[in-house]
Amino acid sequence: MASQIRDVVQRYISRELNADSFVSKFSELSYNIHKHGTEEAVSLRNGIESMLSDVYAHLASEQQMRERLEGFVFEKEMA
């Protein structure tokens, strides 16, 4: 599950997906993840949802979110 989330994030960062498509695909993957996902996947979901909330609240731009996503998601992969 975590690898699928990373794949969607990578597609968004590389601009293969627009913001709406990213949110849609991410939502599909993260729905009820706390019930059947790994701890790593849940942690990724929580961090990404926090970043999305910042954009929706106009606390961060979409570009800032892309940059933060890259650092957050792929840093966790190496850990």
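**Aromatic rings and helix contacts**

Tutor: In this predicted model, the charged end of R66 sits over the ring of Y12, at 4.0 Å from the ring centre.

Student: What makes R66 count as sitting over the ring of Y12?

Tutor: The distance of 4.0 Å from the ring centre falls within the limit of 6 Å, and the criterion also asks for a position within 35 degrees of the ring normal; the charged end of R66 is listed as sitting over the ring, so both conditions are taken as met.

Student: Why is the pair of Y12 and F22 called stacked?

Tutor: The search of the whole structure gives 2 aromatic pairs, and in the pair of Y12 and F22 the centres are 4.5 Å apart with 20 degrees between the planes. Centres within 6.5 Å make a pair and planes under 30 degrees apart make it stacked, so 4.5 Å and 20 degrees satisfy both cut-offs. Because Y12 belongs to helix α1 and F22 to helix α2, this pair ties together parts that are 10 residues apart in sequence.

Student: How do you know that F22 and F26 also form a stacked pair?

Tutor: Their ring centres lie 6.0 Å apart, with 20 degrees between the planes, and these values are again within 6.5 Å and under 30 degrees, so the pair is stacked. F22 and F26 are 4 residues apart in helix α2, which means that about one helical turn separates them. Together, Y12, F22 and F26 form one aromatic cluster.

Student: What makes F22 and F26 buried?

Tutor: The cut-off for buried is under 20% relative accessible area; F22 has 0% and is therefore buried, and F26, at 3%, is therefore buried as well.

Student: Why is E70 called partly exposed?

Tutor: E70, which has its place in helix α5 (residues 62-78), has a relative accessibility of 42%, and because this value lies between 20% and 50%, the residue counts as partly exposed. Leaving aside neighbours within four places in sequence, E70 is in contact with I13 and E75.

Student: Which residues bring α2 and α4 into contact, and how do they divide by class?

Tutor: F22, V23, F26 and S30 in α2 meet R45, I48, E49, L52 and Y56 in α4, a set with 6 nonpolar, 1 polar and 2 charged residues. The axes of these two helices come within 12 Å and cross at roughly 145 degrees, and the crossing is left-handed.

Note on methods: Residues numbered from 1 in each chain as written. Predicted model: local features only at pLDDT ≥ 70, side-chain atom pairs only at ≥ 80, totals over all residues. Heavy atoms only, no water. Axes fitted to C-alpha atoms, helices over the stretch in contact; angles between N-to-C directions. Left-handed = near helix turned anticlockwise from the far one by under 90°. Contact = heavy atoms within 4.5 Å. Nonpolar A, V, L, I, M, F, W, Y, C, P; charged D, E, K, R; others polar. Buried < 20%, exposed > 50% of the residue type's maximum accessible area, 1.4 Å probe, protein only. Phe/Tyr/Trp six-rings, centres within 6.5 Å; stacked < 30°, edge-to-face > 60°.
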